[in-house]
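Please prepare a careful report on the predicted model shown below, going from single residues to the chain as a whole and giving the cut-offs behind each term.

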Amino acid sequence: MEPECDKLMSEVMNKNYVDMDEYPVTTELQNRCVNIIAHLFNAPVGEKEAAVGVGTVGSSEAIMLAGLAFKRRWQNKRKAQGKPCDKPNIVTGANVQVCWEKFARYFEVELKEVKLREGYYVMDPVKAVEMVDENTICVAAILGSTLNGEFEDVKLLNDLLTVKNTKTGWETPIHVDAASGGFVAPFLYPELEWDFRLPLVKSINVSGHKYGLVYAGVGWVIWRSSKYLPEELIFHINYLGADQPTFTLNFSKGSSQIIAQYYQFLRLGFEGYKNVIKNCMENAMMLSEGIKRMGRFDIVSKEYGVPLVAFSFKNKKDMHLAFKLSKLLRQYGWIVPAYTMPADADHVTVLRVVVREDFARPLVEKFLSHVEISLNELDSMTEAPAPTIWLTVELKPSENVDDEDGTFHIPSSVTMKKELVPINKSIPLMGVKTKGVC
């Protein structure tokens, strides 16, 4: 971030984010950020529906809060209908970030995952809707998969789920995990329908510390309207000087990241963010083309997605080399994660490069050269080993023993798997390293 923003953050780090009475301006700046993001995500504006939201430590907390709101709304509806409400579930793809697994485990919600398959590494909307039942509190779609940066088809999911809701009488909603893509899609793909333009999308989370261009420690969650955030989840406190509503899993924390987010919104504006994200994507495309030209890799990331390049070895026998390549690149200062895909696609190993704002074209070229150097080193390390030959040898005393050079002579024939193989060689017994095993 800019030096002016660094200075601003250091000046406000002593401001307590949750103390609205003592630091009312911080609260006002948070509300302005929520308003800006809600408009960015095409939230409805009117008397009947007005978006609400809150700042969080990151998308993990934002997802926890959104999940709790869905669970409580589902429970309240089931109780009103006189039906059991002890077995809630949530439908996601197997490519979800670990915070979804944390939510399911911490808050006792069954996680129903749509399995992936080779060549299709995001949630299949058709299979997801098939897994929905009366106990499903929501379907979670990802805008920018952690694995390959791809956007899931939220529009198709909305249409299919609408049909199922109409047939069954259920009101299963959608949450969009836009941690990575929330600050990408509005600027690069404004025509893409994934947000509150879709009726079943009730809440969206986004990370300010990814493409929101703020230092780590800020995320946001936005609800379509206040009716999707149950009132009983909001706590009202007055011991800080006034009635203050709060809906967070954390409490006291500094205001630096919230104020930094507002600074970025004012400093860059819509066009500024668009230019930054567009430049990141252009650098990602340049990187992707460079990796393709090497002829050793398949590109796993897609055109529609975050500025990210995910790639795997073309030869399936070389999949295990991804981890070695990742390790070799570390010696040049590059931290490139290598990982296997989730269940049903776990035979595919992928390397991933996330293109940040500071990953300029000179760095792209340098990275590509280091990949080529590492590949050459990898090839030299993986040359075919000397063949292993197992011999059954009968050794007999010989008068031709040379004590000075420590050698002995093998008889003129040896037994090897019931075959006689003539050998006329002296084998040194002086502890010299040899290739292969004898």
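## Residues, pocket and cores

Glycine 290 lies in helix α8, where helices (H or I, at least four residues) and strands (E, at least two) are DSSP runs numbered from the N terminus. With a relative accessibility of 5%, glycine 290 counts as buried; buried means under 20% relative accessible area, exposed over 50%, and partly exposed in between, with a 1.4 Å probe and protein chains only. Glycine 290 and serine 369 stand 79 residues apart in sequence, while their C-alpha atoms are 9.5 Å apart in space.

This is a predicted model, in which local features need pLDDT of at least 70 and side-chain atom pairs count only at pLDDT 80 or more, whereas totals for chains, interfaces and linings use all residues. Residues are numbered from 1 along each chain as its sequence is written, and side-chain values use heavy atoms, with hydrogens and water left out.

Three further residues can be set side by side.

| Residue | Helix | Relative accessibility | Class |
|---|---|---|---|
| Methionine 64 | α3 | 7% | buried |
| Valine 126 | α5 (residues 125–131) | 41% | partly exposed |
| Asparagine 165 | α6 (residues 154–168) | 9% | buried |

Leaving aside residues up to four places away in sequence, methionine 64 touches Cys99, Lys102, Phe103, Tyr106, Phe107 and Leu249, a contact meaning heavy atoms within 4.5 Å. One of these partners, phenylalanine 103, is 39 residues from methionine 64 along the chain, and their C-alpha atoms are separated by 5.8 Å. Valine 126 has a C-alpha to C-alpha distance of 8.4 Å to leucine 156, which is 30 residues apart from valine 126 in sequence. Asparagine 165, with residues up to four places away again not counted, touches Trp170, Glu171, Thr172 and Leu200.

The largest pocket holds about 1,200 Å³ of space. A pocket is found on a 1 Å grid over the protein atoms alone, as an open set of points with protein on both sides within 12 Å along at least five of seven lines, and its lining residues have an atom within 4 Å of a point; grid points are joined across faces, edges and corners, and the volume is the space filled by probe spheres set on the points. The lining of the largest pocket has 41 residues, of which His209, Lys210, Tyr211, Val354 and Arg356 are the closest to the pocket centre. Two or more lining residues come from each of α3 (59–80), α8 (256–293), β13 (349–354) and α10 (361–381). By type, the lining divides into 22 nonpolar, 12 polar and seven charged residues, where Ala, Val, Leu, Ile, Met, Phe, Trp, Tyr, Cys and Pro count as nonpolar, Asp, Glu, Lys and Arg as charged, and the others, Gly among them, as polar.

A nonpolar core is a set of buried Ala, Val, Leu, Ile, Met, Phe, Trp, Tyr and Cys residues joined through side-chain atoms within 4.5 Å. The largest such core has 110 residues, and Val176, Trp194, Trp223, Leu287, Phe297 and Phe367 touch the most other members. Helix α8 gives the most to this core, with 14 residues. A second, separate core of 14 residues includes Ile63, Cys99, Ile137 and Ala140.

Over the protein chain, the secondary structure comes to 10 helices and 17 strands, and buried residues make up 47% of the 438 residues. Among contacts between residues at least 6 apart in sequence, 69% join residues at least 24 apart.

Key:
1 Å grid on protein atoms, 1.4 Å probe; cavity = no way out; pocket = protein on both sides within 12 Å on 5 of 7 lines; lining within 4 Å.
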